[in-house]
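Let's work through a few short exercises together. Keep the sequence and the 3D view at hand as you read.

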Amino acid sequence: MTPLALQNDGGPLLQVRNLCASIGATPVLQDVSFSVWPKQIVAMIGPNGAGKTTILKAVAGIIRPVHAEIVYNGVRIDALDVADIVRMGVVYVPEGMSVFPEMSVLENLEVGGYLHRHRIDERLRLVFCLFPELEAKKRQRAGALSGGEKRMVVLGRGLMAGARLLLLDDPFLGLSPKIVRRFCSAFQELRKSGLTLLIAGQHVRRILRVAHVAYLIEDGSITLTGPGPEILHHHHVIQILFGDTRDSSQSAP
Ligand SMILES: Nc1ncnc2c1ncn2[C@@H]1O[C@H](COP(=O)(O)OP(=O)(O)OP(=O)(O)O)[C@@H](O)[C@H]1O
């Protein structure tokens, strides 16, 4: 896999400071600050409704924060449009398996690359290298794919957009343990090739096992930070996310 170049001077790739966001009149995030370093896998975990998706969408420019300073690769992005943020390499990959069902797998992937048409072949090679089954089915209707394959297309579309920082919203939702393992390997491959991943979601054990750094979000604020495997064993995380006092690494998922 070809390494992807980034102009980073050794500092954080993404710095979010004092992010406050509301949905309608309801405050959802309060003073969220965190950093993501290049080639890291960073996790955002927390109970339902804690604000994980809102953080990803604010970074991607999909939700306009009430207040924030968001710096990506040395450039302030919190007032930019979504398309400009995508062009810089920050790509939000939504949860779910939404594909254009009547279009082919290849056409679905090409839709993701419309902002970077000149490097479409290189990105297709990356997607097909990660998920050879998509290459084998590239002329088939995307609507006929399995759930796991559709999820590969959704991630593939994000890669086709030229992602350097992938914002992955609940990437394991609805997937079998076998496909979850495939995606974990794909994430590690992407990281080795130079990408940085910010993963939010409910499959906490899976996510924390691959995360260099994890942030626990509760009621719109960061309440705990640490290396992924350490957070997995933290008594507060076990209590609020697993609802018991057993060692969280021992049970599925
Ligand atoms: N479209 C919306 N309209 C109204 N409230 C919303 C909307 N989207 C999110 N919210 C509220 O914002 C808060 C944060 O939601 P968010 O989706 O960021 O949480 P989350 O941590 O990603 O949750 P989950 O793990 O359940 O996806 C929740 O209280 C939610 O009810």
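**Exercise 1. Find how far apart the two domains lie and describe their contact.**

Solution. This is a predicted model, and the centres of domain 1 and domain 2, taken over C-alpha atoms, are separated by 25 Å. Next, look at the contact: 8 residues come from domain 1 and 8 residues from domain 2. On the side of domain 1 that touches domain 2, helix H2 (82-87) and strand S7 (165-169) each supply at least two residues. H2 gives the most to this side, with 3 residues. Finally, sort the residues of this side of domain 1 by type: 5 are nonpolar, 2 polar and 1 charged.

**Exercise 2. Trace the open sheet of 4 strands and explain what happens at its edges.**

Solution. Start with the order, which is S2-S1-S4-S5, with antiparallel pairing. Strand S2 (26-36) and strand S5 (75-76) stand at the edges with a single partner strand each, so one side of each has no neighbour in the sheet. Now zoom in on S5: 2 bridges join this strand to strand S4 (residues 67-72). Here Val-71 stands opposite Arg-76 in S5. To finish, add helix H1, which lies across strand S1 (14-23), S2 and S4 and runs at about 115° to S1.

**Exercise 3. Describe the shell around the ligand.**

Solution. First, pick out some of the residues around the ligand, including Ile-23, Val-28, Lys-52 and Gln-202. Then ask which element gives the most to the shell. That is helix H1 (residues 52-60), with 3 residues. Last, sort the shell by type: 3 residues are nonpolar, 8 polar and 1 charged.

Note on methods: Residues are numbered from 1 along each chain as its sequence is written. This is a predicted model: local features need pLDDT of at least 70, side-chain atom pairs count only at pLDDT 80 or more; totals for chains, interfaces and linings use all residues. A residue is near a molecule or strand if its C-beta atom, placed from the backbone, lies within 6 Å of it. Ala, Val, Leu, Ile, Met, Phe, Trp, Tyr, Cys and Pro count as nonpolar, Asp, Glu, Lys and Arg as charged, and the others, Gly among them, as polar. Domain bounds come from an automatic or database domain assignment. Two residues are in contact if their C-beta atoms, placed from the backbone, lie within 7 Å. Two strands pair if DSSP finds at least two bridges between them. Axes are lines fitted to C-alpha atoms, for helices over the stretch in contact, and angles run from 0 to 180 degrees between N-to-C directions.
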